[in-house]
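Let's walk through how some helices and strands are arranged here. Have the structure open as you read.

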Amino acid sequence: MKLGIDFGTSFSLPATSYLDTNMMLLPGGKYGVPSVFYYDEWEGVLVGENAEKAGQGAEAANLKREIKLELTSSFTADGKTFTAQQIVGYILGHVKDIALATAESKLIHEPLEGAVISVPAAFEHNEKEIIRAAAQIPRSQGGPELNVLGFIKEPVAAALAYFQASLADHTRILVYDLGGGTCDVAIVEADSSLQEKYKVVDSGMLRIGGKDWDEKIEEYIIKELANQYEVAIGNDPGYREKIKREAVSVKHAFSEKVGGNYRDRVRARIEIEGRTYSIPMTKVVFDELTRDLLNKTMKLTRSLMEKNWDHPIDEVICVGGSSNMPQVREALRNVFSPINIQVFEPEKAIAVGASIYAQFCDGNDTVLSDIAAFSYGAECYRDYSADPTDLMIVNFIRRGERLPVTREYVFSTVKDGQGYLKFKIYESANETDEYDYTPGDEPIMTVVLELSPDMPKGTSAVVHMTLTTDGIIQVVANDGAGHTIKAQKQLNY
């Protein structure tokens with residue numbers, strides 16, 4: 001059995017594709033596993049719902065949420081410090097336990113081979129490596145001891161789930177994924193005539209999600225408590241946690257229908273020192289408070305659509321729990337009308353898509369192809385002897401090429417005793433083999449190959465450049481005389 005895990009900012013969900021059937025591996029009625037961690041000296045480590053229950057009142061200071069967005073940080077509770085990697089390990093271990101128990105109840109008795117874990121569209125290499133390392137923490141240390149088969153971009157996973165469910169072919173969709181902590185947008189197309197049936201055309205990400213909507217409501221409640229009742233919350237962790245939970249309830253309430261219509265007013269209720277305070281909020285106020293957040297996600301969506309204007313979008317698919325908000329679909333209709341917009345399994349699609357992808361992660365993956373979002377080339381002289389200021393860029397990798405791609409060129413010193421070769425690597429939208437350097441352009445990375453100081457003019461080095469499926473630029477230069485340099489950079493596109 002192989003798992004797909006949607007490791008979410010707010011909730012995590014496991015799924016599997018078993019006997020050609022996609023199924024969530026959660027107990028009946030469960031929305032997901034809260035991605036929440038708690039520790040105190042008396043109870044020890046608690047994860048998920050147990051952490052939610054324990055982290056109230058004064059103990060709220062021992063509760064850690066949204067660790068996915070803080071993977072390079074640490075957390076201290078009751079005098080004990082945990083790294084983000086350890087916390088992720090505890091959460092993934094809990095998700096794995098729930099998945100295996102649920103699989104057993106569904107009479108799936110196959111051994112677990114590993115999991116594909118979904119990540120935001122522009123997660124950096126080091127963030128993915130922290131998750132990978134967390135998954136491999138031994139059970140004896142509280143970890144899941146889970147083999148990571150691979151990673152998949154969250155909106156791309158949702159696209160795989162949609163294409164399988166709809167049987168759509170020769171179709172290009174835009175996936176708008178508004179989750180708890182990020183907004184991810186991807187354009188993906190299905191074409192069964194290709195070796196790789198699914199092709200990522202473009203993708204992008206903002207670190208904006210449902211938690212930011214929650215924070216806007218929290219700020220409003222705190223301000224109204226002060227204005228209406230002269231109640232100051234301060235930094236009390238118990239009250240802050242109570243307001244956070246009520247803010248989430250208010251947000252969800254605006255996505256509920258009453259009598260066939262979405263609610264246009266909601267009342268937040270906060271109990272403080274034995275008294276319950278009521279804070280009314282209208283949908284007009286809610287939309288105004290969060291307009292800037294929504295506009296930023298629409299700007300990202302428009303930019304992807306405009307970059308790929310030459311290939312029209314057939315459908316827009318909304319996923320992620322926060323896409324349930326009516327304001328999201330209203331804004332998307334303004335951008336994409338008259339293209340069909342639909343909400344597709346907002347909570348489940350990513351986990352299901354990850355489980356579908358997991359079936360192909362056997363070292364011979366031919367189901368999904370990503371492409372280079374930009375071209376990558378190195379600066380060199382067109383003819384140093386004729387004009388030492390005439391620079392050009394030679395593209396190794398061209399925008400739109402399928403990944404992974406590797407190409408090599410030969411570079412040479414331009415004078416005696418040069419002693420080094422410097423390779424400045426540039427990112428551009430230029431898809432030609434070479435183009436003129438524009439003064440003022442900044443390289444994304446610089447690689448220097450040290451040579452012997454007595455090398456004559458024309459000393460050559462072979463330069464290999466690779467762009468991996470994980471979006472990592474790798475550069476290797478070798479002069480054939482024992483001088484070698486290797487460098488790499490994680491790209492965020």
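Two strands pair if DSSP finds at least two bridges between them; strands are DSSP runs of E, at least two residues long, and helices are runs of H or I, at least four residues long, numbered from the N terminus. This is a predicted model, where local features need pLDDT of at least 70, side-chain atom pairs count only at pLDDT 80 or more, and totals for chains, interfaces and linings use all residues. Residues are numbered from 1 along each chain as its sequence is written, and side-chain values use heavy atoms, with hydrogens and water left out.

Start with the sheet. Its 5 strands run in the order β26-β23-β22-β25-β27, in an open, antiparallel arrangement. β26 (434-436) and β27 (445-450) are the edges, each with a single partner strand, so one side of each has no neighbour in the sheet. Further in, β22 (residues 375-381) and β25 (residues 420-428) form an antiparallel pair over 4 bridges, and A378 sits opposite I425 in β25.

Now for the helices. The axes of α4 (residues 154-166) and α9 (residues 349-358) are 7 Å apart and make an angle of about 80 degrees (axes are lines fitted to C-alpha atoms, for helices over the stretch in contact, and angles run from 0 to 180 degrees between N-to-C directions). That makes α4 roughly perpendicular to α9, a label for 65 to 115 degrees, while angles under 35 count as roughly parallel, over 145 as roughly antiparallel and the rest as oblique.

The axes of α5 (residues 210-229) and α7 (residues 283-307) come within 10 Å and cross at roughly 150 degrees. So α5 is roughly antiparallel to α7.
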